[in-house]
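Please look through the model below with attention to how individual side chains and secondary-structure elements are placed.

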Amino acid sequence: MADGNHNYVVCVINNVKIINYDVSSDLKVIIESQPIGNLIDNNFERGGNVLPLPTEPVYILTTGELDQIFKANVDYDFQIGLLVQNKDIEIKISGDKFFGKHVAIVGSTGAGKSCAVARILQNAVGIQDGSNLYSSAQKNSHILIFDIHSEYAAAFTLESEQNFGLNNLTIENLKLPYWLMNSEELESLFIESSESNSHNQISIFKQAVILNKEKYNKNLNDVTYDTPVYFSIKEVYNYIENMNREVISKVSGENTPKLLDGTLIRDRKDYYFEQLYDFIPQSTSKDTKASNGPFHGEFNRFSSRLETKLSDKRLRFLLEPKKADGTHFGSEDFEEILKQFLGYLNKSNVSIVDLSGIPFEVLSITVSLVSRLIFDFCFHYSKLQHEDNLLNEIPVMIVCEEAHNYIPRSMNADYKASKKSLERIAKEGRKYGLSLMVVSQRPSEVSETIFAQCNNFVSLRLTNHGDQNYIKNLMPDSTKSIGEILPNLAPGECIVVGDSIIMPTVIKMDKPHPEPKSQSIRFNHEWQKEWKDVSFNDVIKRWKREIEIESLE
């Protein structure tokens, strides 16, 4: 819309209504539109409070004017796709505003969500058509992907001559010792909060953990429940089981726990960690008088659950991780453990935590622990830099694929740990150079706190009405109308809205190369072919090998 002789108000068309059907004479229409910015002296500026007079003429933007609006400059320098209405126009966004703030990428299954994520990240680290553009001078990007379906490694695996390092952390090589967990994560793993005596379980478990940390870290002062230093979970189990068996001698002059061999336990921490003991039997006789300890029989279920988890081979990456030489990780290995998530062990821009092999019951804890370690690193590194009047020059982005699986909107206690860690990053991480990319096919099921902190949205096709409304409500009022096309987007097409793009735009993304393994089955008229027999024996053998049990009924 013209605003004077040289300036224009740029609007998005929301609706067109015909008011005169006599097309032979003069077709009259009403165009409902939303102003989104001004074109002043051939420069586009977002927003503005100027509205043209009703008598001013209205125009359709030409290709030249669109080029003028979307042209690359110092601020908008990151190529993300092509304008859907005109494939000759490249759309560029502000890389700093996109990666320096939180991003949400949503879309139904089959809309091209995984390819969109892979393409954006490939552009960020310099992968183009299977080649590494930065092979001679590696850039300083640090991306960690929580990959729940083991599909992104293929998108970042290049030929060896391309000199691109991928840090792929699977259940076999992931170094994540249990002693790094904080109190909430430990309790989430070992304690069932619904049990009536859970408060006693927490109390004795906390006591045992602190005492054992003090045992192995005598050089440290003020060791707490949350201090990330080594302790032996097997010895903690011994302590709790001995408390569960404990019988106290009431013979005159003793009045302490007493073992079957007659040993009096003056200080529990000197004995109970070492092994399981047999205690004297309960007795009312004067010479052998003994009564059950304060927690005798109280922890039968708790102790059994601890023992079961410690013997679960699927949890060895967490409860029994070992170094290459077969020894256990100790407090002195903290630096090596931290480096793996930021790519500093093999100088990789992209690190993938493959969650596909992680048992579901520890999925939330794994995500929580890794996220918290990265946040703590970014926090303390930023503080060190600020002390020298410097900024944090190590940007980190965490990509949460299928985020609804571990940061859901529900208040389920199973996800408490991961929600707390990632919501803290969403609220505070940007100050310390840490941003989130939240990816989901069900945005209405993801934590509201997470999405409320996202400054940029990339929305592919959404078919669920509830998800459509949820995303439209997250958009600014001036751009909600563009959300009406969400169910009609073609694969690879998406709406980009937020601080990083000059105006809300519908774009088409190219496919990444190489592509992620987002499809495990490709149907080529397979249902029309002859019946295919399956070797169930081979499937069951692999199943047994996967869960590492001796028999499967």
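What follows goes from one histidine to a neighbouring strand residue and then to a pair of helices.

This is a predicted model, in which local features need pLDDT of at least 70 and side-chain atom pairs count only at pLDDT 80 or more, while totals for chains, interfaces and linings use all residues. Residues are numbered from 1 along each chain as its sequence is written, and side-chain values use heavy atoms, with hydrogens and water left out.

His-102 lies in the loop between helix H2 (95–99) and strand E7 (103–106), where helices (H or I, at least four residues) and strands (E, at least two) are DSSP runs numbered from the N terminus. His-102 counts as buried because its relative accessibility is 3%, buried meaning under 20% relative accessible area with a 1.4 Å probe and protein chains only. The side chain of His-102 reaches the backbone oxygen of Ala-426 at 2.9 Å, and the residues that His-102 touches, not counting those up to four places away in sequence, include Arg-430, Leu-434 and Asn-455, contact meaning heavy atoms within 4.5 Å.

Leu-434, in strand E16 (residues 434–440), is also buried, with a relative accessible area of 1%. Besides His-102, Leu-434 touches residues including Ile-374, Phe-375 and Cys-378.

Helix H9 (residues 334–342) and helix H10 (residues 363–387) pack at an angle of about 100 degrees with their axes 10 Å apart, the axes being lines fitted to C-alpha atoms over the stretch in contact and the angles running from 0 to 180 degrees between N-to-C directions. H9 and H10 are therefore roughly perpendicular to each other, a term for angles of 65 to 115 degrees.

Key. Buried means under 20% relative accessible area, exposed over 50%, partly exposed in between (1.4 Å probe, protein chains only). A polar contact is a pair of N or O atoms within 3.5 Å; within protein, one must be able to donate a hydrogen and the other to accept it, and residues adjacent in sequence count only if both atoms are side-chain atoms. Angles under 35 degrees count as roughly parallel, over 145 as roughly antiparallel, 65 to 115 as roughly perpendicular and the rest as oblique.
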